[in-house]
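Notebook open, structure loaded. I want to go through the DNA side, then one helix pair, then how the two chains relate.

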2 protein chains.
Amino acid sequence: MDKKCPVYAVMNFMGKRWTILILLELYKGKSAWKRYSEVKKKLPGITPKVLSMRLKELQKEKLILHKIDASDFPIKSTYSLTKSGEEFIKIVKAIKHWGLYWKVKSGACESTNCKKCEF
Amino acid sequence: MDKKCPVYAVMNFMGKRWTILILLELYKGKSAWKRYSEVKKKLPGITPKVLSMRLKELQKEKLILHKIDASDFPIKSTYSLTKSGEEFIKIVKAIKHWGLYWKVKSGACESTNCKKCEF
DNA sequence: CCGGATCCTCTGCGATACTG
DNA sequence: CAGTATCGCAGAGGATCCGG
C-alpha cells in the first residue's frame, strides 16, 4: 500500500492506542468543548504524555480543534470534534455494528458491562 | 473501553500491520482461493512469519478460510474471505472514502501512484 | 491545570535460516 | 511450497518528575 493511500494514512492514526477512545469521549460531549482533565478522567489508565500526543496527532489530522485560554490561571485547555471528526465517528459506528453482527456471541456493548459505549 | 466491546476487539486485529493489505489481496481475487505464495508475492516486504501470524489471526476472527491440499506435492494451501470478511471490506472502503473526502489534497488513490488500490 | 522531558520496559516486527 | 525457529532492534507507550 502506497503511503499516500488514504487507508494507510487513516490507519496510521486510528490504529494507535487510545485514539478512538479519545474521539468517542469528545463525541459524547457533542458540540461541547471538553477539557483536558475531563477527558483524562474518563479514560482511566491513560498517562498525560500519551493523551497529549494523541490530541496533537488528532489536531494535525484535523479531527479535533484546540482552544486555549491562558488569560488567567488555572489554564483552561479545551477540545472538540471538527466536522470531519464527527464524520469519522460513523466509521467507528460501522465497526461496532460489524462487530456486533458477526460476533454477537458475547452480546457486548448491549450488555450492562459496556454502558460506557453510548454512542 | 471494555475489552469485550466489539470496537476494541476489531481494532485489536485490524490495527496490526499488513492485516488490511492481506484482506484486500484476498478480496481482489473475489471468491477465488489464493495461495500463500500468491499473497506473499503481492505484498513485497512482508516476511513469512508475519504473513503466517496474520493469516492465523484472521482465521481465528473468522474473516478468512483456510484450505489445505497435502494429497500431493507441492503442498497447496489456499485462503479466501468469508462472508464476514467480505462485509468487513465495506469498512475499509468507508475508511478510504472518508480519507479521500477529508484529505483530498493529495488525490491519493485516484492518482497513478496508487493503482494497486483497485477495491 | 496542562503538558513537556526523561528514563525505561516491552513487544511487534524484520532478517535470516531451517524443516516436513 | 508453506510455513516454523531464533535473534535482535526500534519504537510505542508507561511511570515519574518538572516547569509555565
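I started with which element gives the most to the surface near DNA strand C: it is α4(A), with 4 residues. Bear in mind that I am reading a predicted model here.

Next I pulled up everything around the strand. I got 19 residues surrounding DNA strand C. Tyr36(A), Ser37(A) and Ser52(A) are among the closest, and chain B puts Lys49(B) and Arg54(B) in that closest group too. Sorted by class, this surface has 8 nonpolar, 5 polar and 6 charged residues.

Which part of the DNA does the protein meet, sugar and phosphate or bases? I checked the atoms of DNA strand C within 4 Å of the protein: 72% belong to sugar or phosphate, and the rest to bases.

I then looked up single polar contacts to the strand.
- Arg17(B) has a polar side-chain atom 2.8 Å from a phosphate oxygen of DNA strand C.
- His66(A) also goes to a phosphate oxygen, with a side-chain N or O atom at 3.4 Å.
- Ile75(A) uses its backbone instead: a polar atom there is 3.5 Å from a sugar or linking oxygen of the strand.

Back to elements, I listed those giving two or more residues to the surface near DNA strand C. Chain A supplies α3 (36-42), α4 (48-60) and β3 (76-81), and chain B supplies α4 (48-60).

New entry, away from the DNA: the α2(A) and α5(A) pair. I found helix α2 (residues 19-28) and helix α5 (residues 83-102) of chain A packed at about 115°, with axes 11 Å apart. Their crossing is left-handed. From α2(A), the contact uses Ile20(A), Leu23(A), Leu24(A) and Tyr27(A). Facing them from α5(A) I noted Phe88(A), Ile89(A), Val92(A) and Lys93(A). What classes do these residues fall into? I read off 7 nonpolar, no polar and 1 charged for this contact.

Last entry: chain A against chain B. I laid chain A on chain B and got an RMSD of 0.1 Å, using a turn of 180° and a shift of 0.0 Å along the axis. That is the relation of a two-fold axis. Which residue of chain A comes closest to the rotation axis? I found Gly15(A), whose C-alpha is 2.3 Å away from the axis.

I also compared the interface residues. For chain A, 100% of them are interface residues in chain B as well, so the copies meet through the same surface.

Definitions and conventions: Residues are numbered from 1 along each chain as its sequence is written. Chains are lettered from A and ligands numbered from 1 in the order in which they are written. This is a predicted model: local features need pLDDT of at least 70, side-chain atom pairs count only at pLDDT 80 or more; totals for chains, interfaces and linings use all residues. Side-chain values use heavy atoms; hydrogens and water are left out. A residue is near a molecule or strand if one of its heavy atoms lies within 4 Å of it. A polar contact is a pair of N or O atoms within 3.5 Å; within protein, one must be able to donate a hydrogen and the other to accept it, and residues adjacent in sequence count only if both atoms are side-chain atoms. Ala, Val, Leu, Ile, Met, Phe, Trp, Tyr, Cys and Pro count as nonpolar, Asp, Glu, Lys and Arg as charged, and the others, Gly among them, as polar. Axes are lines fitted to C-alpha atoms, for helices over the stretch in contact, and angles run from 0 to 180 degrees between N-to-C directions. A crossing is left-handed if the near helix is turned anticlockwise from the far one by less than a right angle, and right-handed if clockwise. Contact means heavy atoms within 4.5 Å. Copies are superposed by least squares on the C-alpha atoms of residues with pLDDT of at least 70 in both.
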